[in-house]
Amino acid sequence: MSTGKRGRPRNLETQQAILQAAYDLLFEIGFADITVEKIAERAGVSKATIYKWWPGKAAVVMDGYLSAASQRLPVPDTGNAFEDLLAHATNLTRFLVSGEGRVITQLIGESQTDPGVADAYRSRYVQPRRKETRQIIDRGIQRGELRQDVNPDLFIDLLYGPIFYRLTMTGEHLDDTFVKDIVTLAFQGIGQPRPSKAT
C-alpha cells in the first residue's frame, strides 16, 4: 500500500508537471483566468492531487513561476560583500524587466485584492529574496567587511525599495547603472569605515 510520502520519484514528477502547467498557463491566459481545474487538466492530474501539496491557486502558480525563474537568480558568493550585493541586485533587476519578470507586477496587482495571492507572493517570493540578501550580509559581517551593528532588514529595504518603486509606481527606467548607484549608496551605510590617512 502506498504511503503517499512526499519526495518519492513519482510524486516529484507529478509535482513538476503541476508546476509546469501552472507556469505555462500564467503566460498563456494570465493569473486572473487560471483556475485549479485548468492546472489539473493541463497537468493530467486531479484537483485533489494539487490540493494535497498546495493550499490553492495562488500558491501553486507562484511556485510554478519561481521554479522556472530560480535558475536565473543564483546567489553570488565572490568573497566580497559589495560585489555579491551588486550582482544579486543586478540579476534580480534584469529579471524583473524581462518579459518573464514582468509577471511579478501582475501578481503584485492581484495581491492588493486577493489575500491568498498576497500571502503567496510574500512567503514564496519576497521572503526568499530577503533571506538570500541576509546571507550575503551575514557573510560580510563575518569577514569584517560590514559593521557589526548593521540592521539587515532596514538595509534590504533601502536597497530593493527603490527598484520596486520604479517597477510598480513611477515606471522609470531600470538598468545596471541605476542598480549600481543604489547599491553604492546603500552600502555606504553598512560598510566598515575606511581608516583615515595620517596627516
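**Helices, bridges and rings: a conversation**

Trainee: Let's start with one side chain: what is the relative accessible area of aspartate 138?

Mentor: Three classes are used: buried is under 20% relative accessible area, exposed is over 50%, and partly exposed is in between (1.4 Å probe, protein chains only). Aspartate 138 is partly exposed, and its relative accessible area is 30%.

Trainee: What kind of model is this, and what pLDDT do local features need?

Mentor: Residues are numbered from 1 along each chain as its sequence is written, and side-chain values use heavy atoms, leaving out hydrogens and water. This is a predicted model in which totals for chains, interfaces and linings use all residues, side-chain atom pairs count only at pLDDT 80 or more, and local features need pLDDT of at least 70.

Trainee: Back to aspartate 138, then: which residue forms a salt bridge with it?

Mentor: A salt bridge here is a side-chain nitrogen of Lys or Arg within 4 Å of a carboxyl oxygen of Asp or Glu. The partner lies four residues away in helix α7, about one turn of the helix; helices are DSSP runs of H or I with at least four residues, numbered from the N terminus. The closest N and O atoms are 3.4 Å apart, and the partner is arginine 134.

Trainee: Which residues are linked in a network of salt bridges?

Mentor: Aspartate 77 and arginine 139 meet through their side chains at 3.4 Å, N to O. That pair links distant parts of the chain, with aspartate 77 in the loop between α4 and α5 and arginine 139 in helix α7, 62 residues apart. Aspartate 77 is exposed at 52%, whereas arginine 139 counts as buried at 19%. The network consists of Asp77, Arg139 and Asp84.

Trainee: Why is helix α5 described as largely enclosed by the rest of the structure?

Mentor: The covering elements include α4 (57-69), α6 (103-111), α7 (115-142), α8 (152-170) and α9 (176-187). Among the buried residues of α5 are Phe82, Asp84, His88 and Leu96. The helix is largely enclosed because, of its 16 residues, the number buried is 12.

Trainee: Which residue caps the N-terminal end of α5?

Mentor: α5 runs over residues 81-96. A side-chain oxygen of the capping residue lies 3.1 Å from the backbone nitrogen of phenylalanine 82, and the cap is asparagine 80.

Trainee: How many aromatic pairs are there, and which residue pairs with phenylalanine 82?

Mentor: Rings of Phe, Tyr and Trp (its six-membered ring) pair if their centres lie within 6.5 Å; planes under 30 degrees apart count as stacked, over 60 as edge-to-face and the rest as tilted. The count comes to five aromatic pairs. In the pair with phenylalanine 82, the centres are 5.3 Å apart and the planes at 80 degrees, making it edge-to-face; the partner is phenylalanine 187.

Trainee: Which residues touch the most other members of the largest nonpolar core?

Mentor: A nonpolar core is a set of buried Ala, Val, Leu, Ile, Met, Phe, Trp, Tyr and Cys residues joined through side-chain atoms within 4.5 Å. Isoleucine 104, for one, touches Tyr65, Leu96, Tyr121, Tyr125 and Phe164, not counting residues up to four places away in sequence; touching means heavy atoms within 4.5 Å. Tyrosine 125 is buried, at 1%. Of the 61 residues in the core, those touching the most other members are Ile39, Ile104, Tyr125 and Phe164.

Definitions and conventions:
Helix = DSSP H or I, 4+ residues; strand = E, 2+ residues; numbered from the N terminus. Expected span 1.5 Å × (residues − 1). Polar contact = N/O pair within 3.5 Å; in protein donor to acceptor, adjacent residues only side chain to side chain.
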